[in-house]
Amino acid sequence: MLEMYTYWLKTVGERVARRQYGWAVLRLILPFNRLKTKPSHDNPSPFPFHPAMIRNYLKIAFRNLTRNGMYSSISIGGLAVGKAVALTISLWVWGYGFSL
């Protein structure tokens with residue numbers, strides 16, 4: 001790094017060489033080192049429901065259903081019963097028009 005400082009000192013002057021040397025030292029410190037890397041974007045599409053992602057979600061859901069069949073059926077059954085009860089209660093409340 002000292003060779004870089006001497007090169008900067010000869011080419012751009014002492015003030016700029018000190019500033020560039022300071023930034024080079026700060027980039028070596030771990031928290032500041034993260035600023036050098038750019039995040040990689042594997043999905044270039046801005047559309048959140050990309051067909052490849054939906055296909056991946058469906059594959060994962062199917063695998064979980066086949067591997068954990070009993071747990072999945074209990075969860076899906078509980079969800080269905082919960083929705084049916086909530087719908088029944090809401091129809092009963094709206095049917096009486098809030099008059100008790």
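This is a short tour of a predicted protein model, stop by stop, for you to follow in your viewer.

**Stop 1: the whole chain**

Start with everything shown as a cartoon. You should find 5 helices and 0 strands. Walk along from the N terminus and the elements read α-α-α-α-α. Now switch on the surface: about 9,400 Å² of the protein is accessible, and 68% of that area belongs to carbon and sulfur atoms. How many of the 100 residues count as buried? The share is 5%.

**Stop 2: colour by confidence**

Next, colour the model by pLDDT. The mean for the protein is 80, and 76% of the residues reach 70 or more. Which helix has the lowest confidence, and which the highest? Select residues 30–33 for the low end: that's helix α3, with a mean of 57. For the high end, select residues 69–96, which make up helix α5, at 91. Keep a rule of thumb in mind here: where pLDDT is low, don't read the predicted coordinates in detail.

**Stop 3: a salt bridge in helix α2**

Select E14 and R18 and show their side chains. They meet in a salt bridge, with 3.0 Å from N to O. The count for this model comes to 1 salt bridge, so you've just found it. Why do these two line up along the helix? Both sit in helix α2 (residues 14–28), and because they are 4 residues apart, about one helical turn separates them. Are they buried or exposed? E14 is partly exposed, at a relative accessible area of 45%, while R18 is exposed, at 52%.

**Stop 4: two tyrosine rings**

Stay with helix α2, but now select Y21 along with Y5. A search of the whole structure finds 1 aromatic pair. The ring centres of Y5 and Y21 are 5.4 Å apart and the planes stand at 65 degrees, so this pair is edge-to-face; the cut-off for that label is over 60. The pair links distant parts of the chain, since Y5 belongs to helix α1 (residues 2–11) and Y21 to helix α2, 16 residues apart. Check the surface again: Y5 counts as buried at 17% relative accessibility, whereas Y21 is partly exposed at 31%.

**Stop 5: a buried serine**

Finish by selecting S72, which is in helix α5. Its relative accessible area is 11%, so S72 is buried, the limit being under 20%. What does S72 touch, leaving out residues up to four places away in sequence? Add N64 and L65 to your selection: S72 touches both of them.

Conventions. Residues are numbered from 1 along each chain as its sequence is written. Side-chain values use heavy atoms; hydrogens and water are left out. pLDDT is the predictor's confidence in each residue, from 0 to 100. A salt bridge is a side-chain nitrogen of Lys or Arg within 4 Å of a carboxyl oxygen of Asp or Glu. Buried means under 20% relative accessible area, exposed over 50%, partly exposed in between (1.4 Å probe, protein chains only). Contact means heavy atoms within 4.5 Å. Rings of Phe, Tyr and Trp (its six-membered ring) pair if their centres lie within 6.5 Å; planes under 30 degrees apart count as stacked, over 60 as edge-to-face and the rest as tilted. Accessible areas come from the Shrake-Rupley method with a 1.4 Å probe; for residues, only the protein chains shown count as cover.
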